[in-house]
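Here are a few exercises to help you find your way around a new structure. Have a go at each one before you read its solution.

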Amino acid sequence: MKTFEPLVRFALLLVLFSPLPSFAQSPTTTQRAASQSTATGTVVFAGPATFILRTENGEFVVFAMNRRTVRPRPLVVGSRVNVESTPADDPDGARTATNVTVGAGADSAAPRTFDDIPPSVRQLERDVARTARRYGVGIRAGVGLDPELVSVGVHATFGPIFSRRLAFRPNLEFAYGELTSQVSVNLEGIYRLSETMPRNQWSPYAGGGPTLGFSHRGFSTQTGDSRSFDFSDLSFKGGLNLLAGVEKPNGVFVEMKATVYSDPHLRVLFGVTF
């Protein structure tokens, strides 16, 4: 029965995370993407995965781009363009541009530098760009239960892959306890339940993957009362991690992880991706 205890715990975690309320603020004019599928305006900022358009009525609209976006290369700041787009999952998120075509003329009143764009729009662009970027690195720390361990680690993020919601996040964790020390290599993937992350809000995700754990239990007594670990008795256990968490656009996340066939069976982690 112990084998199924992590699965039961993980199911409880999903129940805990699923009803998280959304405390979205009412979107302002500059933060909200236009409701129409086609917009015309001047490009005031262009990045690898995003651009900002100043429309004819003076609104600033942030658009996301992906590999299927048809657009001129490069997308020149100051050029007047027509943008066809699809809506975001979240009303505060950026629309995804599907086709960008260059038109005639230019808006002489449009901002020419990033600092001239309203701060709320700049922050939205950063949040969207962070979600869409291809890689990142971060740190994590937490506690494990059964056995009780203190865990620290590092991770990398690659993605999105195949889908804007899916990312590969391998990580290396070092765990220490009174009688147990462990090193775990976790080859995990995460799936975000929302395509975009609302500004300043927690967005849920779930995932999992195989884990390779190297551990040892027990200690040897040296001179006096000092104790040190003897790593000569090292054991290997392979298992499967199941995880659920919430993450903010700035990279901060809280995660609960259950492990099947390996230790620790349950742990709570806090981390940040830069």
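**Exercise 1: neighbours of a strand**

How many bridges join strand 3 to strand 5, and do these strands run parallel or antiparallel?

Keep in mind that you're looking at a predicted model.

*Step 1.* Look up strand 5, which covers residues 95-102. Two bridges join strand 5 to strand 3, and the strands run parallel.

*Step 2.* Pick out a facing pair: Ala 64 stands opposite Thr 96 of strand 5.

*Step 3.* Now try strand 2, residues 50-55, which pairs with strand 3 over five bridges in the antiparallel sense. Here Ile 52 has Val 62 of strand 3 as its bridge partner.

*Step 4.* Check the hairpin of strand 2 and strand 3, where four residues sit between the strands. In this hairpin, Gly 58 has a positive phi near 90°.

**Exercise 2: inside or outside**

Work out why strand 3 is largely enclosed by the rest of the structure.

*Step 1.* Recall that in a regular strand, side chains alternate between the two faces of the sheet.

*Step 2.* Take one side of strand 3: Phe 60, Val 62 and Ala 64 are buried. On the other side, Val 61 and Phe 63 are buried too.

*Step 3.* Put that together: five of the five residues of strand 3 (60-64) are buried, so strand 3 is largely enclosed.

**Exercise 3: what packs together**

Find the largest nonpolar core and see where its residues come from.

*Step 1.* Count the members: this core has 12 residues, including Val 61, Phe 63, Leu 75 and Val 100.

*Step 2.* Trace the elements that give two or more residues to this core: strand 1 (38-46), strand 2, strand 3, strand 4 (80-86) and strand 5.

*Step 3.* Look for a core apart from this one: there's another, of 10 residues, with Val 44, Ile 52, Val 121 and Val 128 among them.

*Step 4.* Zoom in on Phe 63. Leaving aside neighbours within four places in sequence, the contacts of Phe 63 include Ala 39, Phe 51, Leu 53, Val 83 and Ala 97.

**Exercise 4: two residues to classify**

Decide whether Phe 158 and Arg 192 are buried, partly exposed or exposed.

*Step 1.* Phe 158 is in strand 7 (149-158). Its relative accessibility is 40%, so Phe 158 counts as partly exposed.

*Step 2.* Phe 158 also helps make a nonpolar surface patch of about 670 Å², along with Tyr 135, Ile 161, Phe 162, Phe 168 and Leu 187.

*Step 3.* Arg 192 is in strand 11 (189-192). At 10% relative accessibility, Arg 192 counts as buried.

Note on methods: Residues numbered from 1 in each chain as written. Predicted model: local features only at pLDDT ≥ 70, side-chain atom pairs only at ≥ 80, totals over all residues. Heavy atoms only, no water. Patch = residues over 30% accessible without salt bridge, like charges linked within 9 Å, V, L, I, M, F, W, Y side chains within 5 Å. Areas by Shrake-Rupley, 256 points an atom, 1.4 Å probe, with all protein chains shown as cover. Salt bridge = Lys/Arg side-chain N within 4 Å of Asp/Glu carboxyl O. Buried < 20%, exposed > 50% of the residue type's maximum accessible area, 1.4 Å probe, protein only. Pairing = 2+ DSSP bridges. Core = buried A, V, L, I, M, F, W, Y, C linked by side-chain atoms within 4.5 Å. Contact = heavy atoms within 4.5 Å.
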